[in-house]
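This report describes internal cavities, nonpolar packing, aromatic pairs and one loop residue. The sequence and structure are shown first.

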Amino acid sequence: MSDHHPTGFTRWLYTTNHKDIGSMYLWFSFVMFLIGGAMAMVIRAELYQPGLQFVEPNFFNQMTTMHGLIMVFGAVMPSMVGLANWLIPMQVGAPDMALPRMNNWSFWILPFAFTLLLSSLFMDGGAPNFGWTFYAPLSTTYGPPSTDFFILGVHMMGISSIMGAINVIVTVFNMRAPGMTLMKMPLFVWTWLITAFLLIMVMPVLAGTVTMMLTDRHFGTAFFDAAGGGDPVMFQHIFWFFGHPEVYIMILPAFGVVSEIIPAFSRKKLFGYSSMVYATASIALLSFIVWAHHMFAVGMPLAGELFFMIATMLIAVPTGVKVFNWVATMWQGSLTFETPMLFSIAFVILFTIGGFSGVMLAMAPVDFQYHDTYFVVAHFHYVLFPGAIFGTTAAVYYWLPKWTGKMYNETSGKIHFWLSMIFVNLTFFPMHFSGLAGMPRRIPDYNMMFADFNMWASIGAFGLGLTQIYFLITLVIAIRSGKKAEDKQWEGATGLEWDALPSPAPYHTFSTPPKVD
């Protein structure tokens, strides 16, 4: 074995170290988060008041499409894979991920995939303008030429996700420390293991969908073209069979994060560990039989509507179990409110609001009224921003001392939290009201009656965007010049002993894995 250690860019290009790759995923996802956020700023600037002010309607639709695709595939999913890379080997006692070279490859595919996607903005006809759900025939018959680059980009993202998922599964099953049975694993590992199975099952479905789009566009097939005997509604069935489990792919790892943080700052063992594992598995299984609740308005048979309505309401049960367990963990605990705990508590409260609006949308007769309005936008943003984004943010604050050996400024962290909390609600809560009043989504202009709600939402959105810049500054200062983290950092912050905590222990008690050449 050589002692050669690459430095500079080559170190990152060739690295097979799970920590390096985890860091690259996290930084990449943060860059994508800022780019997708900038697109959201364009959307909210246009909607600040009625009338067409800043951009053409076609460019507005390009922004809504690209914002959705970048946030889902470029920001949320890579951030969760980054957390998995950093934490899973340490939490199961493995020296590295099981397949380190594939790990490197699965990351380096992503910058090229998103360069492809973003380059479509500069092509003839502009970027895809048919919404992030790319419904056919809008995307097949009428999509701009750049749609083909979008299809290739989606294929590359899917390949990356599948490789990452395989790596997680092999690592967890083959590389756990002696004595660590499945039911002794930290919950973050459990949630990611279940997420990895979801990824492997649904990513090929997405690949099939975009391949059928490609053949419809260029090879004379008519999968989704009614004129050729195809069925546009079939596209929705196939897409949402991928799309609904995808929602849980984005949120389950965040469930794992808060299941680690809440017990730590409550000084208590997690309430109902095994029920949390079974609830996570139940959510994953049920996510496969609820896809058509996105399609109540297409005219499906009454029996179909009833089935998907009841199945969707049923998925609220294991989710409710998780919320109950988090609250029960905090109940009568010795709580302290450092930044990771604040983000975790906000996660529980705001995610639950998103869950309530989801139960409303689950009811078929009611969904006819809500469908394609801003109520739906409010619902999924309450699930994804305070859910996936707050979960990732809590994880970064909690594990940053472990990752860097430096401590962030607690006051800055709390300012970031309170600004995020205020602006996230100011942005998305008014959308419930404009949606209930009938404002359609993905439209660049609207009736005067929606003006006030949109103005507040736009002010909140710009505040939320600036707050994430503040987060970036806080992180950079912490990494470059933060005070040295203590061996048991959170003990130092709270003055309480960690040693009383039950197994599985919090992150800082894991020894650093041996270096692998």
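## Cavities and their linings

In this predicted model, the lining of the largest cavity comprises eleven nonpolar residues, three polar residues and no charged residue. This cavity has a volume of about 130 Å³. Its lining consists of 14 residues, of which Phe73, Met77, Pro78, Val81 and Ser161 are the closest to the centre. At least two lining residues come from each of helix 3 (57-92), helix 5 and helix 6 (187-218). Helix 3 makes the greatest contribution to the lining of the largest cavity, namely five residues.

Two cavities of 30 Å³ or more are present in the structure. The second largest has a volume of about 30 Å³. Its lining is formed by Val81, Ala84, Asn85, Met97, Asn103, Gly164, Asn167, Val168 and Trp192. Helix 3 and helix 5 are the elements that give two or more residues to the lining of this second cavity. By residue class, the lining of the second largest cavity holds five nonpolar residues, four polar residues and no charged residue. The two cavities are set out below.

| Cavity | Volume | Nonpolar lining residues | Polar lining residues | Charged lining residues |
|---|---|---|---|---|
| Largest cavity | about 130 Å³ | eleven | three | no charged |
| Second largest cavity | about 30 Å³ | five | four | no charged |

## The nonpolar core

Which residues touch the most other members of the largest nonpolar core? They are Phe73, Phe114, Trp192 and Trp326, in a core of 160 residues. Helix 3 gives the most to this core, with 20 residues. Phe73 also belongs to the residues closest to the centre of the largest cavity, while Trp192 is one of the residues lining the second largest cavity.

Setting aside residues up to four places away in sequence, tryptophan 192 touches Met80, Val81, Ala84, Ile88, Val168, Leu199 and Pro253. Among these contacts, Val81, Ala84 and Val168 appear together with Trp192 in the lining of the second largest cavity.

## Aromatic pairs

Across the whole structure, a search finds 52 aromatic pairs. One of them joins phenylalanine 28 and phenylalanine 107 in an edge-to-face arrangement, with 6.0 Å between the centres and 90 degrees between the planes. Phenylalanine 28 belongs to helix 2 (residues 18-46) and phenylalanine 107 to helix 4, so that this pair links distant parts of the chain, 79 residues apart. Both phenylalanine 28 and phenylalanine 107 are buried.

Phenylalanine 343 and tyrosine 397 form a stacked pair, 5.8 Å centre to centre with 20 degrees between the planes. Because phenylalanine 343 lies in helix 11 (residues 339-362) and tyrosine 397 in helix 13 (residues 374-404), the pair ties together parts that are 54 residues apart in sequence. Phenylalanine 343 has a relative accessible area of 0% and is therefore buried. Tyrosine 397 likewise counts as buried, at 0% relative accessibility.

## A loop residue

Is proline 145 buried or exposed? Its relative accessibility is 52%, so proline 145 counts as exposed, the cut-off for this class being over 50%. Proline 145 is located in the loop that runs between helix 4 (100-119) and helix 5 (147-174). Apart from neighbours within four places in sequence, proline 145 is in contact with Asp124 and Arg217. From proline 145 to isoleucine 21, the C-alpha to C-alpha distance is 34 Å, and the two residues are 124 residues apart in sequence.

Key: Residues numbered from 1 in each chain as written. Predicted model: local features only at pLDDT ≥ 70, side-chain atom pairs only at ≥ 80, totals over all residues. Heavy atoms only, no water. Helix = DSSP H or I, 4+ residues; strand = E, 2+ residues; numbered from the N terminus. Buried < 20%, exposed > 50% of the residue type's maximum accessible area, 1.4 Å probe, protein only. Contact = heavy atoms within 4.5 Å. 1 Å grid on protein atoms, 1.4 Å probe; cavity = no way out; pocket = protein on both sides within 12 Å on 5 of 7 lines; lining within 4 Å. Points joined across faces, edges and corners; volume = space filled by probe spheres on them. Nonpolar A, V, L, I, M, F, W, Y, C, P; charged D, E, K, R; others polar. Core = buried A, V, L, I, M, F, W, Y, C linked by side-chain atoms within 4.5 Å. Phe/Tyr/Trp six-rings, centres within 6.5 Å; stacked < 30°, edge-to-face > 60°.
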